Amino acid sequence: MFEFNLFNVAQFADQGLSLFGTLLLTSLSARTRMYGFLIFVLVNVPGIYLLVVTELWWILAVTPIWLYLNFRGLLNNYKESRAEN
């Protein structure tokens, strides 16, 4: 039987936000892609919890690189959005 606990909620949040973020990243609009990048930054919160619980510490070593790429994409989309207006 399925039970609600913090681990299962984190899994659902991680996967749900990832799917929604991927949908937004496929948009042609720079503003919509920017929101997709923001969602992927939010996915990092339940993702880090899941890594700590499952003891996959080695993945945390690449998290700063992942965050840098997300913020870089967010900044580029913001600049492109401003250039369109």
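Which hand does the crossing of H2 and H4 have, left or right? It is left-handed; a crossing gets that label if the near helix is turned anticlockwise from the far one by less than a right angle, and right-handed if clockwise. Helices here are DSSP runs (H or I, at least four residues), numbered from the N terminus.

Before you click around, some ground rules. This is a predicted model, where local features need pLDDT of at least 70 and side-chain atom pairs count only at pLDDT 80 or more, while totals for chains, interfaces and linings use all residues. Residues are numbered from 1 along each chain as its sequence is written, and side-chain values use heavy atoms, with hydrogens and water left out.

**Stop 1: H2 against H4**

Select residues 30-53 for H2 and residues 63-84 for H4. Two packed helices are described by the angle between their axes and the distance between the axes. For H2 and H4 the angle is about 160° and the axes are 8 Å apart. Axes are lines fitted to C-alpha atoms, for helices over the stretch in contact, and angles run from 0 to 180 degrees between N-to-C directions. The pair therefore counts as roughly antiparallel; that label goes to angles over 145 degrees, with under 35 roughly parallel, 65 to 115 roughly perpendicular and the rest oblique.

Now show the side chains in the contact (heavy atoms within 4.5 Å). From H2, pick out residues including Arg33, Met34, Phe37 and Val41. On the H4 side, the residues include Trp66, Leu67, Phe71, Asn77 and Glu80. Colour the contact of H2 with H4 by type and you get twelve nonpolar, six polar and four charged residues. In this scheme Ala, Val, Leu, Ile, Met, Phe, Trp, Tyr, Cys and Pro are nonpolar, Asp, Glu, Lys and Arg are charged, and the others, Gly among them, are polar.

**Stop 2: the salt bridge**

How many salt bridges does the structure hold? Just one, where a salt bridge is a side-chain nitrogen of Lys or Arg within 4 Å of a carboxyl oxygen of Asp or Glu. Select arginine 33 and glutamate 80, whose side chains meet at 3.2 Å, N to O. Arginine 33 sits in H2 and glutamate 80 in H4, so the pair links distant parts of the chain, 47 residues apart.

Is arginine 33 buried or exposed? Arginine 33 is buried, at 17% relative accessible area, whereas glutamate 80 is partly exposed at 35%. The cut-offs are under 20% for buried, over 50% for exposed and in between for partly exposed (1.4 Å probe, protein chains only).

**Stop 3: along H4**

Go to asparagine 77, also in helix H4. Asparagine 77 is buried, with a relative accessible area of 5%. Leaving out residues up to four places away in sequence, asparagine 77 touches Ala30, Arg33, Met34 and Phe37. Try a C-alpha to C-alpha distance from asparagine 77 to arginine 31: it comes to 6.7 Å, for two residues 46 apart in sequence.

Next, select leucine 67 in H4. Leucine 67 is partly exposed at 24%, and its C-alpha is 8.5 Å from that of asparagine 44, 23 residues apart along the chain.

Arginine 72 is in H4 too, and at 44% relative accessibility arginine 72 is partly exposed. Draw a line from the C-alpha of arginine 72 to that of glutamate 3 and you get 38 Å, across 69 residues of chain.

**Stop 4: H1 and H2**

Swing over to H1, residues 6-25. The axes of H1 and H2 come within 8 Å and cross at roughly 155°, and the two helices are therefore roughly antiparallel. This crossing is left-handed. The contact of H1 with H2 has 17 nonpolar, seven polar and two charged residues.

Click serine 18, in H1. Serine 18 is buried at 19% and, ignoring residues up to four places away in sequence, touches Phe40 and Val43.

Then take leucine 50 in H2, which is buried at 12%. Neighbours within four places in sequence aside, leucine 50 is in contact with Phe7, Ala10, Gln11 and Asp14. The C-alpha atoms of leucine 50 and phenylalanine 7 are 6.9 Å apart, with their positions 43 residues apart in sequence.

**Last stop: asparagine 8**

Finish in H1 with asparagine 8. Asparagine 8 counts as buried, at 13% relative accessibility. With residues up to four places away in sequence not counted, asparagine 8 touches Phe2 and Glu3.
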